[in-house]
Amino acid sequence: MSTHGARHLTRRGAEVVAALGTLALAVLIVVGARDFGIGWTSGGPEAGTFPYYVGLIVGAASLGNLAAGWMRSDGATVVLDGTKAHRIAAFAIPMLLFVGASVLLGFYVATILYLAGVMRVQGRYRWATSIAVGVGTAAFFFAVLEVWFRVPLLKGPIEALLGIH
């Protein structure tokens, strides 16, 4: 089977991308921590001290992983092809939409939309079943988190219309 022209991700590529991603995160942590102060005062360490050093450690580990990934002897091994990428996208895209909907519409509405949509589209459940599970799950989360444990989650315009604060 020829892979000429096929798009795929090799192990080396995956490790390099992951290392660059964690390195970028480390840089963000270090830069952000400096805004909160990284020194010591008479009261002890400033607020950014711990995140700053954690960021440095993550950055050093990322550089080590970058070097190790680049020098892998089995670096040409394919770890992600079109089929695997499609499966990952089928999970990741709805999850990213859920996060965006949570911010815009609130956690409970986003939960209903996410579960009903995924059950209907990917699971091929009937609409009534999908919506019932979405609403039931959102109601369960509301009862347990908001009422029982008193942990407020993101609210959106629909919760505001219903008087849920």
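Arg 72 counts as partly exposed, with a relative accessibility of 24%. In this predicted model, Arg 72 makes a good starting point for a walk through the charged pairs. Its partner is Glu 15: the two form a salt bridge in which the closest N and O atoms are 3.4 Å apart. Glu 15 belongs to helix H1, while Arg 72 sits in the loop between helix H2 (49-70) and strand S4 (78-80), so this pair ties together parts that are 57 residues apart in sequence.

Glu 15 has a second partner, too. Its side chain also meets that of Arg 11 in a salt bridge, at 3.0 Å from N to O. This one is a local affair: Glu 15 and Arg 11 both lie in helix H1 (residues 11-35), 4 residues apart, or about one turn of the helix. Put the pairs together and you get a network of salt bridges linking Arg 11, Glu 15 and Arg 72. As for how much of the network shows at the surface, Glu 15 is partly exposed at a relative accessible area of 22%, and Arg 11 is partly exposed as well, at 32%.

How many salt bridges are there in total? The count comes to 3. Besides the pairs made by Glu 15, there is a bridge between the side chains of Glu 146 and Lys 155, with 2.7 Å from N to O. Here Glu 146 counts as buried, at 11% relative accessibility, whereas Lys 155 is partly exposed, with a relative accessible area of 25%. As background, side chains of opposite charge can pair when their charged atoms come close.

Here are the salt bridges side by side.

| Acidic residue | Basic residue | N to O distance |
|---|---|---|
| Glu 15 | Arg 11 | 3.0 Å |
| Glu 15 | Arg 72 | 3.4 Å |
| Glu 146 | Lys 155 | 2.7 Å |

Now for the rings. Searching the whole structure turns up 8 aromatic pairs. One of them joins Tyr 52 and Tyr 53: the ring centres are 5.2 Å apart and the planes sit at 85°, so the pair is edge-to-face. What about their surroundings? Tyr 52 is buried, at a relative accessible area of 17%, but Tyr 53 is partly exposed, at 46%.

Phe 98 and Phe 107 give another pair, with ring centres 6.0 Å apart and planes at 70°, so this one is edge-to-face as well. Phe 98 is buried, with a relative accessible area of 16%, and Phe 107 also counts as buried, at 18% relative accessibility. Both of these rings are part of one aromatic cluster, made up of Phe 98, Phe 107, Tyr 108, Tyr 114, Phe 140, Phe 141 and Phe 142.

Phe 107 comes up again if you look at Ser 102, a residue of helix H3. Is Ser 102 buried or exposed? It counts as buried, because its relative accessibility is 6% and the cut-off for buried is under 20%. Setting aside neighbours within four places in sequence, Ser 102 is in contact with Phe 107, Ala 110 and Leu 154.

Tyr 114 from the aromatic cluster leads on to the largest pocket. Which residues lie nearest the centre of that pocket? They are Pro 94, Leu 97, Tyr 114, Gly 117 and Val 118, out of a lining of 13 residues. Helix H3 (82-105) and helix H4 (107-121) each contribute at least two residues to that lining. The space inside comes to about 210 Å³. Sorted by class, the lining has 11 nonpolar residues and 2 polar ones, with no charged residues.

One last stop is Ile 112, which lies in helix H4. Ile 112 counts as partly exposed, at 25% relative accessibility. Not counting residues up to four places away in sequence, Ile 112 touches Gly 134, Val 135 and Ala 138. Leu 63 is another matter: 49 residues separate Ile 112 and Leu 63 along the chain, and their C-alpha atoms are 41 Å apart.

Terms used: Residues numbered from 1 in each chain as written. Predicted model: local features only at pLDDT ≥ 70, side-chain atom pairs only at ≥ 80, totals over all residues. Heavy atoms only, no water. 1 Å grid on protein atoms, 1.4 Å probe; cavity = no way out; pocket = protein on both sides within 12 Å on 5 of 7 lines; lining within 4 Å. Points joined across faces, edges and corners; volume = space filled by probe spheres on them. Nonpolar A, V, L, I, M, F, W, Y, C, P; charged D, E, K, R; others polar. Buried < 20%, exposed > 50% of the residue type's maximum accessible area, 1.4 Å probe, protein only. Contact = heavy atoms within 4.5 Å. Phe/Tyr/Trp six-rings, centres within 6.5 Å; stacked < 30°, edge-to-face > 60°. Salt bridge = Lys/Arg side-chain N within 4 Å of Asp/Glu carboxyl O.
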